[in-house]
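Grab a coffee and work through these short exercises with the structure open beside you. Try each task before you read its solution.

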Amino acid sequence: MRIIRYLNEHSKATLAAVTNEGKIYPLPQEGLIELIQQANEQNVSPLSFVEFTISKSKPIPYSVEDLSLLVPIEAEEVWASGVTYERSRDARNYEATGGKLDATTFYDKIYEAERPEIFFKSTAARTVGPGQDVYIRSDSNWQIPEPEVGIVINRDGEILGYTIGNDMSCRDIEGENPLYLPQAKMWKNSCSIGPAIILAESVEDPYNFDITCRIYRNDELKVEGKANTSQLKRKFDELISFLIRDNEIFDGTVLLTGTCIIPPNDFTLLDGDEIEIEVSNIGVLKNSVKLPKHILV
């Protein structure tokens, strides 16, 4: 069972359940967290709660593709994990050494260390949803999307569901100096999530998500990469345990879990590019790339 948010015919944000058959049932709750809370109050699982709710209603006569989708959850905070895949470690080493493939750096230490790399990625105001523009920075010449599986968790670190995330990144800024990481990762519209959240109970094996990233330029496919969460170095519970250690998080926090798909080293995003990130059983997150002439606060 997937959960989405969309604008209805009255331009009101609406929560909905999407069945495996693609049928869409509007839900009365304002958002996923309210749905989870009501399920807990009735001492039933979120999936059972949704199944009972939609059993008493009829689906709308539309497909997901017909709807104006919104971010599936307005997460107060989005965090991210780095160097969780071997491919990511190698790419970070390449950036940090100017292309010396045989060099060893602190990224090797991060990959092997007990403590994972976790950093603050985005706020609700900086996060966009399906069909919205992601921005590239004006002071970077080497920018890429990072397709990732996102975990939606509550304040206790319990996994509520999984979504798709795009952790936009500046490879040249991070490669110049690791202390520049916040600037290489966080700016206006530098994160997108969506198009749906699949409830945790509906996922048989979270370490078997197929991830595909496609980047189009002038309607031509320029980059395509594939990966699977079975390639992860760390387990999701491990990442969550470090995020919540001595830290207060919010219900509905999203934790991006790292990328294993890196475009070729000579590729950078340009204004007008189109990004598609597909994760099996969740959907396809599509965003256009824009270079703003100016950014208003």
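**Exercise 1.** In which strand does Gly165 lie? Place the residue, then work out its surroundings.

*Solution.* Keep in mind that this is a predicted model. Start with the secondary structure: Gly165 sits in strand β11, which covers residues 159-167. Next, check its accessibility. Gly165 has a relative accessible area of 0%, and buried means under 20%, so Gly165 counts as buried. Now look at what it touches. Leaving out residues up to four places away in sequence, the list is Glu146, Pro147, Glu148, Gly150, Ser192, Ile193, Leu256, Ile277 and Leu285. Finally, try a distance: Tyr107 is 58 residues from Gly165 along the chain, and their C-alpha atoms are 22 Å apart.

**Exercise 2.** Find Ser122 and decide: is it buried or exposed?

*Solution.* First, locate it: Ser122 belongs to strand β6. Its relative accessibility is 0%, so Ser122 goes down as buried. Then check its side chain, which makes a polar contact of 2.8 Å with the side chain of Thr127. To finish, list its contacts beyond four places in sequence: Glu76, Glu77, Val78, Thr127, Met186 and Cys191.

**Exercise 3.** How many cavities of 30 Å³ or more does a search of the whole structure find, and what lines the largest cavity?

*Solution.* The search turns up one. The largest cavity has a volume of about 80 Å³. Its lining is made up of 16 residues, and those nearest the centre are Gly82, Val83, Arg92, Glu146 and Lys185. Now map the lining onto secondary structure: β5 (77-82), α3 (86-97) and β6 (117-123) are the elements that give two or more residues. Sort the lining by class and you get three nonpolar, six polar and seven charged residues. Two links to the earlier exercises: Glu146 is also one of the residues that Gly165 touches, and β6 is the strand that holds Ser122.

**Exercise 4.** Why does the radius of gyration of the chain agree with a compact globule?

*Solution.* Begin with the expected value: for 297 residues, a compact globule would come out near 19 Å. The chain has 19 Å, so the two agree. For the overall dimensions, the C-alpha trace spans about 60 × 45 × 35 Å along its principal axes. Then take stock of the fold, with seven helices and 18 strands. Of the 297 residues, 55% count as buried. Last, take the contacts between residues at least 6 apart in sequence: 72% of them join residues at least 24 apart.

How values were computed:
Residues numbered from 1 in each chain as written. Predicted model: local features only at pLDDT ≥ 70, side-chain atom pairs only at ≥ 80, totals over all residues. Heavy atoms only, no water. 1 Å grid on protein atoms, 1.4 Å probe; cavity = no way out; pocket = protein on both sides within 12 Å on 5 of 7 lines; lining within 4 Å. Points joined across faces, edges and corners; volume = space filled by probe spheres on them. Helix = DSSP H or I, 4+ residues; strand = E, 2+ residues; numbered from the N terminus. Nonpolar A, V, L, I, M, F, W, Y, C, P; charged D, E, K, R; others polar. Buried < 20%, exposed > 50% of the residue type's maximum accessible area, 1.4 Å probe, protein only. Polar contact = N/O pair within 3.5 Å; in protein donor to acceptor, adjacent residues only side chain to side chain. Contact = heavy atoms within 4.5 Å. Rg over C-alpha atoms; globule rule 2.2 N^0.38 Å.
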